[in-house]
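The following exercises concern helix packing, surface character and charge pairing. Each task is followed by a worked solution.

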Amino acid sequence: MDLDVFVSAHRAEWDRLEALLRRQRRLSGAEADELVTLYQRAATHLSLIQSSAPDPQLTGRLSQLVARARSAVTGTRRASWRDVTRFLAHGFPAAVYKSRHWWVPTALLSTAVAALLGWWIGTHPEVQASIAAPSELRELTRPGGQYETYYSSHPAASFAAQVWTNNAWAAALCLILGVFLGLPVIWILFQNMLNLGIGFGLMSSAGRLDTFLGLVLPHGLLELTAVFVAAGTGLRLGWTLIDPGPRTRRTALAEEGRAAIGMAIGLALVLFVSGAIEGFVTPSGLPTWARIAIGVAAELAFLAYVWVLGGRAARAGETGDVEAAERSATVPTAA
């Protein structure tokens, strides 16, 4: 391609397109049609130049011109409260519901692992001795010890904010790192279950399992459910890399990745609730049964939200992905 000849042949079209874009007044019907035609031609010219005779200065000018024209032709879309409502009432619960075949088994298996670890630690003094010295274990598990004072060691508001930040970050890591075949997710999940198992085992060996459960259950039910959802979704994302199904691997990862990003936002809200419970309810002076009842109520509310709203939205075709108009065009694939 002779670049000078090409520029001379089409410069007038580019200048005309730029002049239309600079118009302050509303374009007439004929001018709007002309704008669309010139935008399509300029996009074609840019593609030809990039593939046949790349020139940084000319490519830069045409790229900017095409981007401005695209914005003028397609318009811009701003997020609204309608998007927030749609996400909370349909997108997020549907995504959680559709991934239930991953996170429910993850929750059951992880809980079993934590229970086995707790039993092993609680019934084997030599294992306890490898964790800490006897005096340190007594300080952890005694009435008024570190396990109890942990939840009231900081002001409730700052403690809740700290817990929320840590848990939201852990959930986000599970979702993000799932693309690495799910292996980092398994490690993060094991670390969480190990910490839970250690507390379970040490407190049960000290005869204070009821105290431990009274401290963990109020916030732990909802918190662990959010972690299990994040881990299950991360594992599903990793499996998509291995088996994308009828979709191309790129399309499958794009769809599951967008849904995972939405899940991260939704789970951050769920973890905010569990963090508030951990900061204000767990260390409160309420009776143990009342604190546990609050945790159970929050857990049941979330499960009902997922199964009722999410199930209804999923059956209506909602996937948790962005709306079809906002997705990139995809090439049809054979079934």
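**Exercise 1.** Determine which residues make the nonpolar surface patch of this predicted model, and which elements give two or more residues to the patch.

*Solution.* Step 1: the patch is made by Leu 181, Leu 183, Ile 186, Trp 239 and Ile 242, and covers about 510 Å². Step 2: the elements that contribute two or more residues to this nonpolar patch are H10 and H11. Step 3: Leu 183, one of the patch residues, is found in helix H10.

**Exercise 2.** Establish how H10 and H11 are oriented to each other, and describe the character of their contact.

*Solution.* Step 1: two packed helices are described by the angle between their axes and the distance between the axes. Step 2: for H10 (residues 183-205) and H11 (residues 209-242), the angle is about 170° and the axes are 11 Å apart. Step 3: angles over 145 degrees count as roughly antiparallel, and H10 and H11 are therefore roughly antiparallel to each other. Step 4: among the residues in contact, H10 provides Leu 189, Met 193 and Phe 200, while H11 provides Phe 212, Val 227 and Phe 228. Step 5: the residues of this contact of H10 with H11 comprise 15 nonpolar, four polar and no charged.

**Exercise 3.** Carry out the corresponding analysis for H11 and H12.

*Solution.* Step 1: the axes of H11 and helix H12 (residues 249-281) cross at roughly 170° and come within 9 Å. Step 2: H11 and H12 are therefore roughly antiparallel to each other. Step 3: the contact of H11 with H12 divides into 17 nonpolar, five polar and five charged residues.

**Exercise 4.** State how many salt bridges the structure holds, and identify which parts the pair Arg 61 and Asp 15 ties together.

*Solution.* Step 1: side chains of opposite charge can pair when their charged atoms come close. Step 2: the structure holds 10 salt bridges. Step 3: one salt bridge joins Arg 61 to Asp 15, with the closest N and O atoms 2.9 Å apart. Step 4: Arg 61 lies in helix H3 (residues 56-74) and Asp 15 in helix H1 (residues 3-22), so the pair ties together parts that are 46 residues apart in sequence.

Terms used: Residues are numbered from 1 along each chain as its sequence is written. This is a predicted model: local features need pLDDT of at least 70, side-chain atom pairs count only at pLDDT 80 or more; totals for chains, interfaces and linings use all residues. Side-chain values use heavy atoms; hydrogens and water are left out. Axes are lines fitted to C-alpha atoms, for helices over the stretch in contact, and angles run from 0 to 180 degrees between N-to-C directions. Helices (H or I, at least four residues) and strands (E, at least two) are DSSP runs, numbered from the N terminus. Angles under 35 degrees count as roughly parallel, over 145 as roughly antiparallel, 65 to 115 as roughly perpendicular and the rest as oblique. Contact means heavy atoms within 4.5 Å. Ala, Val, Leu, Ile, Met, Phe, Trp, Tyr, Cys and Pro count as nonpolar, Asp, Glu, Lys and Arg as charged, and the others, Gly among them, as polar. Patches are made of residues with over 30% relative accessible area and no salt bridge: like charges are joined within 9 Å, nonpolar side chains (Val, Leu, Ile, Met, Phe, Trp, Tyr) within 5 Å. Accessible areas come from the Shrake-Rupley method with a 1.4 Å probe; for residues, only the protein chains shown count as cover. A salt bridge is a side-chain nitrogen of Lys or Arg within 4 Å of a carboxyl oxygen of Asp or Glu.
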